[in-house]
Each structure stands twice: as structure tokens, then as C-alpha cells.
Amino acid sequence: MTLSGPPLAATAIAAADRIVIKIGSSLLVDRKTNAVDLARLRGFAADIAGFVAEGKQVLVVSSGAVALGRRRLGSRARGPGLERKQAAAAAGQSMLMHAWESVFDQHNIIVAQILLTRDDTETRRRWLNARATVGALLDMGAVPIVNENDTIVTDQIKYGDNDRLAARVAQMISADLLILLSDVDGLYTADPRVDPDAEHIPYIETLTPEIEAMATGANAEAGVGTGGMATKLMAARIAAEAGCATLIAQGKPKTRNAPTLEEGRRCTLIAPATTVKAAYKQWIGGSLATRGRLTIDKGCARALAAGKSLLAVGITASEGDFGKGDPVEIFNEKGVEIARGLVRYDDNDVSKIMGVRSAGLKAALGYPGGPVVIHADDLALRETAGP
């Protein structure tokens, strides 16, 4: 996404085709009753339905399961111990999803529950599977509701807060915009709750150490939630490096007739550091350890240089022990590496179909398969790309 004109929330939202919205516990759970705030959820659902009607794809990262589960289980769920928190999450997640279903039903929008652990966005094969599932749901017009799988995570495999989870999900699905909604309306030069001279920062082009030093911790007065401005800026950095802009905004306006984000509600917009496509290609080309090597003929090399996918018929040799979704190097007939990419077949199947035309793939594989071994979207060309 390219931001044009004034760096306003309206500009970022209008330019985004795929949006991730993170909604914190303090916005979903009524502090006095510890029950779901259905009135606020209806408002969120109406806003998201408006985005969907405009042709945008929206994913929601929703907190609140633990808080709701503790209310449901009562005093038995309170006190120290990871197992109590996990039990509360298990009891509260169904309540949370029921609430989201009830408000989206009014707009004829289907919601789908997705529970993730850190391994799901950092282990390559699970990342690819999760990405494919979420992409299919978005293409079907559904709104995925994502939360951390608190019932099974440990300190070693947890995100720790849903700000970072939302950023990793935005990275995973190549989102254009990440909206972090909580009880704050953006970044200030100091904590405005304790410093009356703190100044609001509406736009950040680059996250610097000086800007990150302005962040403060979670809002203890809210009584729920684990995040704070520091985690939001950490999430914004993850998103920025993935080519995704970030909006930090207040999800609970102080006045009933407060303007929307598009109308100018106060917020902080953090620009992306690159484009979504460039970030993904860079990740493939330089951030992954390869597991194998494919050699291709001249015609295939020319096709890759022209932006085409790598087809089985153009492969002349396959080396290495790789599985579906693993990164491999691609060499031309002269032995020069011209690209890297994520394969759609494992090494055993590639050895069966290399050099085979589309009509012969089923017989070679023993099951119906497509001719694309590496899709153009999953290819990163080297400067030496060519026949």
C-alpha cells in the first residue's frame, strides 16, 4: 500500500484491501460486570461490515477469553498458576465466539474461529497452512476471529499479548493495514495519564529508538489486558517491516458522537517501511535457510525472468531433502543461482514430475496435481536471473 496525500487514518483505510483489527480486552469486557459488552461489539461489527461491503477483507484479533472465562468459572479460576488461566481461556473462548457470531449475524457475515500459537506463525509449514486457511476464509467473505490458543500455550511458545499476535497475523496474510484498538488514542511524548504536558504524535514515518522510548506500559486502571504502548510499537515494527501500516486508536471514544477514524478521530499512524510484496520476496530470498536445489532449462529460466511460475516441465534436476513449503534454490543450466522459492511438492514428488508436461502429472504422481512447482508469488529472483 502506498500512502498518498496527508498521512490520515482515512487515507490508510481507503488504500487498504486487507485489514487486521486487534480489539483489546478492555473494549470487549465490561469492567463492572465482567460480561461481554454487546453494545460495543455491535458497533465494531457494523464498522467491519461496512469495510466488507466496500470489498475489503477483514480479520479480527480478539482478546477477552480469559476475562470471560474467569467470570464464568468464578472464584475457582482466580489465583496464581498457568493452569487456572488456561482453564479460564477454555471456558471463555466459546462465550467470546458466541458474542461475535451474534453481532455479525445481523449483517449476514459468517465468522470463523482460529486459535494460534507462536509456532503457527514461526514454523514454516504451519505458517503456510495457516496462511492458506485464512486466505480461503477471506476469499469466501468470512471474517476470521483470531485469538491465541491460551489453553495449550506455555511461556516458551506464547506470543504474550495480542498486539504482537495481530502483527504476526498481519505479516502472515500480507495485510495492508493493522489497526490496534484499545483504551488509548495513540502515542504521546510521555504518558498523558501522569504528564499533562504530553503531546500527541499523529504520524510516524520511521520508528526510531527515540520514539520507542516514549512508550509506557499497560493501563492498570482498565483492570484487564496485558498490552501497553511498548507492545503496540513492537507490533507496529513487525508490521512495518512486512509492508503493513499501523493505526493505534482508541476503541472507546469518550463522547457518544465522537468522529470515526475516517472522519478524523485522534490516532497515531505508523507508515510501512516497505511494500507487502517486497517484504515477502525479501523474506523468501534472504531470510530462509534453503533445503534443496532445483535446476531448470533455458525456457523455464526465461519464464521466471518474465514473472511466470516455475512449472514441472522445466525442471531438469532436483537435489536435497525438502518438504512442501520449504525454500529451495533455483539454478540455470550454467550452474548460476537465479532465484529462490517455496515449493508446492516434496522432493520425492518433484523427482517424479520434473520434465513432465501437465497431461502426464496424474500418472506420474498417482494423484491429480497441478503443474506449478513454485508459484510466481513465492519466487524471489536474483539479480542474475535469466537463461
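**Sheets, helices and a few single residues**

Biologist: Let's start with helix α5: at what angle does this helix run to β3?
Modeller: Helices (H or I, at least four residues) and strands (E, at least two) are DSSP runs here, numbered from the N terminus. Helix α5, residues 82–105, lies across β1 (18–23), β2 (57–62), β3 and β4 (143–148). Axes are lines fitted to C-alpha atoms, for helices over the stretch in contact (heavy atoms within 4.5 Å). With angles running from 0 to 180 degrees between N-to-C directions, α5 runs to β3 at about 150°.

Biologist: Before we go on, what kind of model is this?
Modeller: Residues are numbered from 1 along each chain as its sequence is written, and side-chain values use heavy atoms, with hydrogens and water left out. Local features need pLDDT of at least 70, side-chain atom pairs count only at pLDDT 80 or more, and totals for chains, interfaces and linings use all residues: this is a predicted model.

Biologist: Good to know! Which strands stand at the edges of the eight-stranded sheet?
Modeller: Two strands pair if DSSP finds at least two bridges between them. The sheet is open, with mixed pairing, in the order β3-β4-β2-β1-β5-β9-β10-β8. One side of each edge strand is left without a neighbour because each has a single partner strand, and these edge strands are β3 (111–116) and β8.

Biologist: Strand β10 has neighbours on both sides, then; with which strand does β10 pair in the antiparallel sense?
Modeller: Strand β8 (residues 203–204) runs parallel to β10, joined by two bridges, and Y203 has L269 as its bridge partner. On the antiparallel side, I270 of β10 is the bridge partner of T246. Four bridges make up that antiparallel pairing, and the partner is strand β9 (residues 245–250).

Biologist: Are the residues of β10 buried or exposed?
Modeller: Buried means under 20% relative accessible area and exposed over 50%, with partly exposed in between (1.4 Å probe, protein chains only). In β10 (residues 267–270), C267 and L269 point one way, while T268 and I270 point the other way. Whichever way they point, all of them are buried.

Biologist: Moving along the sheet, which residue stands opposite L177?
Modeller: Strand β5 (residues 177–182) pairs with β9 in the parallel sense, over six bridges. In β9, the residue opposite L177 is A245.

Biologist: Now helix α3: how far apart are its end C-alpha atoms?
Modeller: The expected span is 1.5 Å times one less than the number of residues. Helix α3 has 16 residues, 38–53, and should therefore span 22 Å. The end C-alpha atoms agree with this, being apart by 22 Å.

Biologist: And how wide an arc do the buried residues of α3 cover?
Modeller: The buried residues are L41, F44, A45, I48, A49 and F51. They lie on the same side of α3, because the arc (of the directions from the helix axis to the C-beta atoms) is only 155°.

Biologist: Then which residues are exposed on the other side of α3?
Modeller: Just after α3, G55 takes a positive phi of about 95°. As for the side away from the buried residues, the exposed ones are A39 and A53.

Biologist: F44 caught my eye; how far is F44 from T260 in space?
Modeller: F44 sits in helix α3 and counts as buried at 9% relative accessibility. Leaving aside residues up to four places away in sequence, F44 touches I23, L27, L28, W100, L181 and G251. T260 is 216 residues from F44 in sequence, and the C-alpha to C-alpha distance is 11 Å.

Biologist: How far from C244 is the nearest cysteine sulfur?
Modeller: A disulfide is a pair of cysteine sulfur atoms within 2.5 Å, and a search of the whole structure finds zero. C244 is in no disulfide, and the nearest cysteine sulfur, that of C267, is away by 14 Å.

Biologist: What about the other sheet: by how much are its neighbouring strands turned against each other on average?
Modeller: Five strands form this open sheet in the order β13-β11-β14-β15-β17, with mixed pairing. Its edge strands, β13 (315–320) and β17 (379–381), each pair on one side only. With direction ignored, the average turn between neighbouring strands is 20°.

Biologist: Last one: what is the relative accessible area of N108?
Modeller: Most residues other than glycine have a negative phi. Phi of N108, however, is positive, near 55°, and N108 lies in the loop between α5 and β3. N108 is exposed, with a relative accessible area of 74%.
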